[in-house]
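Thanks for agreeing to look through this one with me. Below are some numbered notes to read alongside the structure, so please keep the view open as you go.

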Amino acid sequence: MGKTIIISNRLPVQLQIHNNDITAIPSVGGLATGMKSVHSGSDSLWIGWSGLTDEEIPEGIAPKIDAALAEHNCSKVNLTAYEEEGFYYGFSNRTIWPLFHYFLEYSEFELENWNTYKAVNQKFADAIIEKANENDTIWVHDYQLMLVPQMVKDKLPNIAIGFFLHIPFPSYEIFRTLPWREEMLRGVLGADLIGFHTYDYERHFLSSVRRLLSLEVSFNDIHIDHRVIKVDSFPMGIDYNKFHEAAKKHNALAISDRTDFQKRIDEHKKSDPDSKLILSIDRLDYTKGIAKRLNAFEYFLNKFPEYKEKVRLIILAVPSRSNVPQYQLLKKEIDELVGRINGEFSTINWTPIWYFYRSLPFKNLIDLYTSSDIAWLTPLRDGMNLVAKEYVATRTDKTGVLILSEMAGSAYEMNEALLINPNNFEEQAETLKKAINMPLKEQKARNMFLQNRLSRYNVEVWAQEFMQALHSQVENNQEVVSRKINDDIIKEITKNLDKAKKRLIFLDYDGTLADFKNDPQKASPDEELYDLLDKIHHQKDTILFLISGRDKQTFSKWFLHKKYNMITEHGVWISRNGEEFSLLEKVKNDWMEKILPVLESFVDRTPGSFIEKKNYSLAWHYRNTDPDFGQKRATELNTVLTSLTSNDSISVLDGNKVMEVKSSNVNKGRASVRMLGEDNYDFVFAIGDDWTDEYMFQELPETTVTVKVGIQKTSAKYFVENTKKVRELLKIFTD
């Protein structure tokens, strides 16, 4: 078992330079705490930026930094001030951050920043490649490093890579506005497992992958080349015991041992025992909805004036990205709001808002958590929001009320909280009133469920579950790879081929010999394919059949002059050695008049879809539609057609972006077995790409060499990745 390599923008330590010496102090909270169980011992390495630019590091001190970091199993990536500006403050925080949080108006699309982002991501990838072996496990974190997984996978294709996004992934309509959207998606798809906090973020990501990259998505699996990438949700927890035990110790302190901060809170509560403290803790960020929360508080005081002098709102705004213009404007807006509201409502004995613009030590956070009757957290969009979980963890007597925005990722796990829409002031005012008057019995009942859940699914469990899922996915991919056509398998096939006296070969066309086209008529064979088929067709003791769902008119135009053997419309028609097509099966087409209007109605309601009329079947193609909408319509059509055809001798085939209705006694399996029975073949080969070819794989003898194109659930023994690989494989029949 190799080592675990964790990669994040910042290392989990803070460097301090004093008298030309370096001290590395472990960070607390957030990702550093979450990865503690993974980043332990000598079998783990954490790679990231130290927080110091090249210009800030005194000459000759770099080796000391490396040594100090090595003591914490860390390794640094060097960044210049220019790179920090373009990569971190530029693309990461002025492009991705606002866009992914639905603040499109704040998003900047600067080519220079994008180029810097790419260059820095390559720096991180190079640092990983330098330290990694292929039996290691890589875990890449967050939006600053979305290109890293593919950059590493390009150099180390067999290494296990996980990626976790700690912020929301936006809907397709938002994400598509990013000029470099395809590159960002392909960067993330270098991972074997992609994790999000909630199912909604996972769903948005899969939708963008389908729509922008046209990749096959099956439930939460993405099929790309020879890999299956799993996408799943893992809601991040907190170090529950740390907060719960800290609160216990805090509550047990003698009055004289309490912090000065706590003593001031105690004095306030003693002066008015019936008053309620409402706590609001956030980074100063426009996504947190602090300004709206202040306006909602003003609305509450105006609507319910009886609560004046009975409540106090504590706003703790932690400084963040203070050199970014939007954050500077936000700070000014909040300062003015607090000043105006306090000026409007304050009395000699009461100030409605206590406002702190600073970071507080951990012990003072515990002071606030344990002293506040209500936690009021209203982000406009938030990947998770761990403050909500921390507040609940500190309520050792199970009292306290959590008011939480339904836009926070943690809201999906915390249904017992009072969930609100942060844009609805009326709802927020009513919810504040409800929280103030909530009976203790109800408070304790709600918090009991919340605490039980949070203590079970803590941050350590979150990290372990992700790593277990990553290792499981890599094992699944290794099983898939074992069935991939490789040199050893080709040697074995060639050996049996050379020994055979009679060979029978079945080749599907679309998706196998030729790539799919938006217009099926444009998928005509090229000269390279003609040359390949000619060589196979003229091999001694070899019978080649092109077996396809195509209509006989198209195949006559493309292949009749070549005198190939052909079976079309899934087994309805047959042509041998250049003869005109004749019926292979007795089929009827009188049912088509009943089905055609149904398909036409779906064409009318599904832009981009069209009908292909064949002699004995009808095909509804939806390759050119919006992927999600097309799949939805296909599901509806399948339901309608199944009900219409249940008593008839016709069936519905769900192919690759096509729904085809045909006679039920016709399929490729039945046709191929009939051809097999015409002679004593001792080598049989069949290759195809969709469900219509599964009939061949299932009905041909066990000794048949069956090959699926693409990684999908299949009855075939082997698979190849794409049509290019198909043509390479078929060259074994030309020697």
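1. Let's begin with a pair of facing residues: valine 707 stands opposite tyrosine 718, which belongs to strand S29. S29 covers residues 718-720, and three bridges join this strand to S28, the two running parallel. Please bear in mind throughout that this is a predicted model.

2. S28 has a partner in strand S27 (residues 683-688) as well, and these two pair in the parallel sense over four bridges. To find the pairing on screen, look for phenylalanine 685, whose bridge partner in S28 is valine 705. The link from strand to strand includes a helix: S27, helix H24 (residues 691-699) and S28 make a right-handed β-α-β unit.

3. How many of the five residues of strand S28 are buried? The count is five of the five in this stretch, residues 705-709, so S28 is largely enclosed by the rest of the structure. In a regular strand, side chains alternate between the two faces of the sheet. Here both faces are covered, with Val705, Val707 and Val709 buried on one side and Thr706 and Lys708 buried on the other.

4. Stepping back for a moment, the chain has 25 helices and 29 strands. Its C-alpha atoms fill a box of roughly 105 × 65 × 45 Å along the principal axes. Of the 735 residues, 56% count as buried. Among contacts with a separation of 6 or more, 70% are between residues 24 or more positions apart. The accessible surface comes to about 31,600 Å², and carbon and sulfur atoms account for 48% of that.

5. Helix H12 (residues 325-345) is a good place to check geometry. With 21 residues at 1.5 Å a residue, H12 should span 30 Å, and the 31 Å between its end C-alpha atoms agrees with that. The buried residues of H12 are Gln326, Tyr327, Leu330, Ile334, Leu337, Val338, Ile341, Asn342 and Phe345. Seen down the helix axis, these buried residues fall within an arc of 125°, so they line one face of H12. Leu329, Lys332 and Gly343 are exposed on the other side of H12.

6. What covers the buried residues of H12? The cover includes helix H3 (81-100), helix H11 (290-303) and strand S14 (353-357).

7. Helix H2 (residues 62-70) can be read in a similar way, starting from its buried residues: Ile65, Ala68 and Leu69. Viewed down the axis of H2, they fall within an arc of 95°, so they line one face of the helix. The buried residues of H2 pack against three strands: S2 (13-18), S3 (21-26) and S5 (74-77).

8. Now for two serines, beginning with serine 92 in helix H3. Serine 92 is buried, with a relative accessible area of 0%. Leaving aside residues up to four places away in sequence, serine 92 touches Phe87, Trp97, Tyr117, Tyr143 and Gln144. For a sense of distance, serine 92 and methionine 146 are 54 residues apart along the chain, and their C-alpha atoms are separated by 10.0 Å.

9. The other serine, serine 280, lies in strand S12 (residues 276-283). Is serine 280 buried or exposed? Serine 280 is buried, with a relative accessible area of 1%. Again leaving out residues up to four places away in sequence, serine 280 touches Arg293, Leu313, Ile314, Ile315, Leu316 and Trp376. Serine 280 and leucine 147 are 133 residues apart in sequence, and 35 Å apart in space from C-alpha to C-alpha.

10. Finally, please have a look at two backbone angles. Glutamate 309 has a phi near 70°, a positive value in a residue other than glycine. Where does glutamate 309 lie? Glutamate 309 is in the loop between H11 and strand S13 (311-318), and this residue is partly exposed, with a relative accessible area of 38%. Lysine 398 is not a glycine but has a positive phi of about 65°. Lysine 398 is found in the loop between helix H14 (386-393) and strand S16 (401-405). With a relative accessible area of 28%, lysine 398 is partly exposed.

Terms used: Residues are numbered from 1 along each chain as its sequence is written. This is a predicted model: local features need pLDDT of at least 70, side-chain atom pairs count only at pLDDT 80 or more; totals for chains, interfaces and linings use all residues. Side-chain values use heavy atoms; hydrogens and water are left out. The expected span of a helix is 1.5 Å times one less than its number of residues. Buried means under 20% relative accessible area, exposed over 50%, partly exposed in between (1.4 Å probe, protein chains only). The arc is that of the directions from the helix axis to the C-beta atoms. Contact means heavy atoms within 4.5 Å. Two strands pair if DSSP finds at least two bridges between them. A crossover is right-handed if, with the strands pointing away from the viewer, the path from the first strand over the helix to the second runs clockwise. Accessible areas come from the Shrake-Rupley method with a 1.4 Å probe; for residues, only the protein chains shown count as cover.
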